[in-house]
Amino acid sequence: MNQQQDMIEGAPLIKPSTTDHPLYETIVEACRTVYDPEIPVNIFDLGLIYTIDISPENDVEIIMTLTAPGCPVAGEMPGWLQDAVEPVAGVKSVAVGMTFDPPWGMDMMSDEARLELGFM
């Protein structure tokens, strides 16, 4: 089920999000309500959300990662994210997938997250 294996050399590892969908910004705001318990920054600004794919029927597929594969809440965080996005008006269904390819890095954090954590 790894779509990256089928991609050509030099293609991005992270599938692009459906940023032009009318629900995109509202879904991003819902993602921003979910926090990694060990870091006082939401998981969207931490860069843990790789892809928000929204179908024309408003089915949402989110691909996320963790700061480290051994994260103590690894089993729970996808459920927290699903619980945050499902109530968004217009969303039909939510599926959250986990990947560690590419691995998360501090360069994936937003400027706001870097500032909050004292990296700027």
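# Briefing: sheet, helices, core and local backbone features

Isoleucine 52 stands opposite isoleucine 62 in β2. This pair belongs to a predicted model, in which three strands form an open sheet of mixed pairing, ordered β1-β2-β3. The edge strands are β1 and β3, each of which pairs on one side only. On average, neighbouring strands of this sheet are turned by 15° against each other, direction ignored. The points below treat the sheet, the helices that cross it, the nonpolar core, and three loop positions.

**Strand pairing**

- The pairing of β1 with β2 is antiparallel and extends over five bridges.
- β2 and β3 run parallel and are joined by six bridges.
- Within the parallel pair, isoleucine 63 has glycine 97 of β3 as its bridge partner.
- In general, strands of a sheet pair through backbone hydrogen bonds, in either the parallel or the antiparallel sense.
- β1 is largely enclosed by the rest of the structure, because five of its six residues are buried.

**Helices across the sheet**

- α1 lies across β1 and β2, and its direction makes an angle of about 140° with β1.
- Helix α2, which comprises residues 77-85, lies across β1, β2 and β3 and runs at about 155° to β3.

**Nonpolar core**

- The largest nonpolar core contains 32 residues, and those with the most contacts inside it are Ile27, Ile52, Ile62 and Leu81.
- At least two residues of this core are supplied by each of α1, β1, β2 and α2.
- α1 provides the largest share of the core, namely five residues.
- In soluble globular proteins, nonpolar side chains tend to be buried together.
- Leaving aside residues up to four places away in sequence, isoleucine 52 touches Ser17, Thr18, Tyr24, Ile27, Val28, Cys31, Phe44, Val60, Glu61 and Ile62.
- The contacts of isoleucine 52 thus include Ile27 and Ile62, both of which are listed with isoleucine 52 among the residues with the most contacts inside the core.

**Asparagine 42**

- Asparagine 42 is found in the loop between α1 (24-31) and β1 (49-54).
- With a relative accessible area of 7%, asparagine 42 counts as buried because this value is under 20%.
- The side chain of asparagine 42 reaches the backbone nitrogen of aspartate 45 at 2.8 Å.
- Beyond residues up to four places away in sequence, asparagine 42 touches Arg32, Val34 and Tyr35.

**Asparagine 58**

- Asparagine 58 occupies the loop between β1 and β2 (59-64).
- The hairpin of β1 and β2 has four residues between the strands, and within this hairpin asparagine 58 takes a positive phi near 70°.
- Asparagine 58 has this positive phi although it is not a glycine.
- Asparagine 58 has a relative accessible area of 21%, so it is classed as partly exposed, the limit for buried being under 20%.

**Cis peptide at proline 102**

- Aspartate 101 and proline 102 are joined by a cis peptide bond, with omega at about 5°.
- Proline 102 is placed in the loop between β3 (93-98) and α3 (111-116).
- As general background to these backbone features, most residues other than glycine have a negative phi, and most peptide bonds are trans.

How values were computed: Residues are numbered from 1 along each chain as its sequence is written. This is a predicted model: local features need pLDDT of at least 70, side-chain atom pairs count only at pLDDT 80 or more; totals for chains, interfaces and linings use all residues. Side-chain values use heavy atoms; hydrogens and water are left out. Buried means under 20% relative accessible area, exposed over 50%, partly exposed in between (1.4 Å probe, protein chains only). A polar contact is a pair of N or O atoms within 3.5 Å; within protein, one must be able to donate a hydrogen and the other to accept it, and residues adjacent in sequence count only if both atoms are side-chain atoms. Contact means heavy atoms within 4.5 Å. Two strands pair if DSSP finds at least two bridges between them. Axes are lines fitted to C-alpha atoms, for helices over the stretch in contact, and angles run from 0 to 180 degrees between N-to-C directions. A nonpolar core is a set of buried Ala, Val, Leu, Ile, Met, Phe, Trp, Tyr and Cys residues joined through side-chain atoms within 4.5 Å.
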